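Colleague: Please choose one part of this model and take a close look at it with me, going step by step and explaining each term as it comes up.

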Amino acid sequence: MAAAQGAGSGSAGPSGPPGSAPGHSSSSTAVAVWEWQDEFGRWRPYRGNVCSYIEQVIQASQQKGRRSGSGLVSSIPLGHADPALAPYVIDIPSLTQFRQDTGTMRAVRRHVFPGDSAAGQGIVWEWQNDEGGWSPYEMNVCVFLEQARATNHQRVDLGPLGYNYEVDFVAQVQTNKTTRFRRSVQRRLDAPYPVTTSTTPLHTGVGCSCQQCWPNSGTGPITTRYRHSMTNFPNSSTTHQVPGRTASVSSSNVGFVPYNKLALTGARSTPRLNAQNTLVLAQTGSLSAALAASNGVSAQALPVKMSKPSRVSQALAATPTEPESVVKKYLEELKGAPADEDCMICMEKLSSPSGYSDSCQSSTIRPEAVGRLRNCQHSFHMLCMLAMYSNGNKDGSLQCPSCKTIYGEKTGTQPKGKMEVSTFPQSLPGHKDCGTIRIVYHISRGIQGPEHPNPGMPYTARGFPRYCYLPDNEKGRKVLELLKVAWKRRLIFTVGTSNTTGESNTVVWNEIHHKTEMDSNLSGHGYPDPNYLDNVLAELAAQGVTEDCLGQ
């Protein structure tokens with residue numbers, strides 16, 4: 001990657017924003033940038049080649065519509081532009097990105113920038129994350145930074161764009177204005193974004209009050225997060241933790257680098273899951289002299305003894321059921337004409353054959369067969385459900401992508417490791433009336449099993465041990481007990497692709513968020529956060545981990 005360059009030896013310029021007025025440009029040449037919104041309300045640009053593909057599909061659909069009178073394309077599979085994005089589909093009418101293997105939905109938007117801006121030149125500005133990888137700024141920030149650099153500014157304040165940072169072009173660092181913590185920044189050349197003939201105002205950096213900026217600005221309040229996990233596939237992106245810093249358990253990167261799997265197929269293989277997952281849960285007890293000398297944390301790690309095999313152990317040890325049998329167990333095939341609605345998995349009409357009929361074959365399920373889940377009554381192409389199940393770890397469970405109802409018991413693909421728990425008296429911000437629970441996750445590098453993306457290949461485990469924190473109150477202890485269940489079910493981590501470094505075949509967080517900082521929530525990974533415990537309980541429930549699981 002190209003390192004960021006300084007402002008040059010010319011005039012240093014002021015430390016404020018670039019001299020030209022931010023906002024909109026009247027330039028006639030424009031480029032289109034498509035972005036998806038992460039859970040912190042920040043917009044992440046897809047790469048230039050992916051945006052070009054989206055624009056081409058829409059333009060081809062418009063031309064076809066003018067000729068035939070048909071409607072515009074309703075969904076765009078991103079795997080056609082980048083095989084790494086095979087699970088993702090953009091639903092145009094709702095402007096959402098749908099991940100087919102987990103059901104996660106995120107908002108998307110299209111912004112137009114001048115052709116001579118950073119976007120038009122394929123310039124992306126990035127900051128260095130805790131693991132040493134690079135994460136992109138929003139495109140409007142990239143445009144702002146490039147404009148400042150071009151006008152010989154030595155430093156700029158990102159406050160007008162919603163960031164509590166200053167960027168120094170000479171030192172090539174970003175500084176948090178509150179904590180003074182510094183990170184490296186860099187300027188990278190990528191494929192230019194596609195030229196468009198759109199007549200909407202051109203966006204040049206700082207958000208304003210126009211219709212383009214105001215409702216979609218990433219600088220405002222964090223919007224509602226759309227999430228309904230369909231199977232136990234991870235949202236693989238992560239920023240790994242270096243002890244004392246932050247670990248993101250969310251999805252953030254150019255192109256939304258997903259779990260490194262092939263497109264959904266009708267593969268009939270049924271691998272046996274790894275049942276040798278070592279589990280250690282530390283019990284709170286007497287002070288440990290070694291730990292007390294460093295941070296006052298108490299506890300000794302002790303192995304959990306189970307008097308009889310748990311339902312999870314039995315599920316992991318059992319031979320998975322044939323995919324067709326699982327689908328037919330939980331879906332009842334409809335007789336007669338189906339409802340006039342779309343299948344949420346393939347985005348095709350239920351009255352039409354499954355969108356996966358060309359890549360998923362079955363001797364017992366017809367492409368046009370439509371099934372209704374027995375409890376929640378939501379309908380899908382049965383072949384689509386088969387493709388979803390066949391691309392998972394085949395644990396005998398299904399999850400409705402519409403309402404999140406789980407059928408069977410959901411397990412994951414977390415590698416072997418141990419989970420330690422301890423307590424100490426220091427309070428977390430926002431929870432002054434109690435002490436703190438500390439969770440430490442240990443996972444080492446190893447060899448991928450049959451349930452992982454590349455069986456037989458090594459996987460890495462960066463940033464371990466990982467430290468996480470909960471308030472030691474009634475709700476915090478409830479979350480802890482449910483996290484223990486999630487750990488036993490192998491749901492907290494998985495093997496996939498790190499979206500911060502791009503490294504594949506590495507251990508990444510799954511869909512259950514953890515707080516990895518104690519006393520700062522500027523990054524979204526610390527306290528205070530009055531909604532965190534309720535949010536993580538909802539995420540655990542989405543994985544099938546509820547109070548009903550306790551005591552099993």
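Modeller: Let us begin at the end of one helix, where Gly544, just after helix 9, takes a positive phi of about 85 degrees. Helices (H or I, at least four residues) and strands (E, at least two) are DSSP runs, numbered from the N terminus, and residues are numbered from 1 along each chain as its sequence is written. Please keep in mind that this is a predicted model, in which local features need pLDDT of at least 70, side-chain atom pairs count only at pLDDT 80 or more, and totals for chains, interfaces and linings use all residues, while side-chain values use heavy atoms, with hydrogens and water left out.

For the setting, the chain holds 9 helices and 27 strands, and of its 552 residues 54% count as buried, that is, under 20% relative accessible area with a 1.4 Å probe and protein chains only (exposed is over 50%, partly exposed in between). Among contacts (heavy atoms within 4.5 Å) between residues at least 6 apart in sequence, 69% join residues at least 24 apart.

Helix 9 spans residues 532-542, and its buried residues are Tyr532, Leu533, Val536, Leu537, Glu539, Leu540 and Ala542. These buried residues pack against helix 8, against strand 25, and also against strand 19 (398-399) and strand 20 (406-407).

Let us follow helix 8 next. Helix 8, made of residues 474-488, packs with helix 9 at an angle of about 25 degrees, and their axes are 10 Å apart; such axes are lines fitted to C-alpha atoms, for helices over the stretch in contact, and angles run from 0 to 180 degrees between N-to-C directions. That angle makes helix 8 roughly parallel to helix 9, a label for angles under 35 degrees, whereas over 145 counts as roughly antiparallel, 65 to 115 as roughly perpendicular and the rest as oblique. The crossing of the two helices is left-handed, meaning that the near helix is turned anticlockwise from the far one by less than a right angle (clockwise would be right-handed).

On the helix 8 side of this contact we find Lys475, Gly476, Lys478, Val479, Leu482, Leu483 and Ala486, and they meet Leu533, Asp534, Val536, Leu537 and Leu540 in helix 9. The residues of this contact divide into 8 nonpolar, 1 polar and 3 charged, where Ala, Val, Leu, Ile, Met, Phe, Trp, Tyr, Cys and Pro count as nonpolar, Asp, Glu, Lys and Arg as charged, and the others, Gly among them, as polar. Leu533, Val536, Leu537 and Leu540 are thus named twice, as buried residues of helix 9 and as residues that meet helix 8.

Helix 8 also lies across strand 21, strand 22 and strand 25, running at about 15 degrees to strand 22. These 3 strands form an open sheet in the order 21-22-25, with antiparallel pairing; two strands pair if DSSP finds at least two bridges between them. Strand 21 (417-424) and strand 25 (466-471) stand at the edges, each with a single partner strand, so one side of each is left without a neighbour in the sheet. From one strand to the next the twist averages 20 degrees. Strand 22, residues 436-443, pairs with strand 25 in the antiparallel sense over 6 bridges, and Arg438 stands opposite Tyr469 in strand 25.
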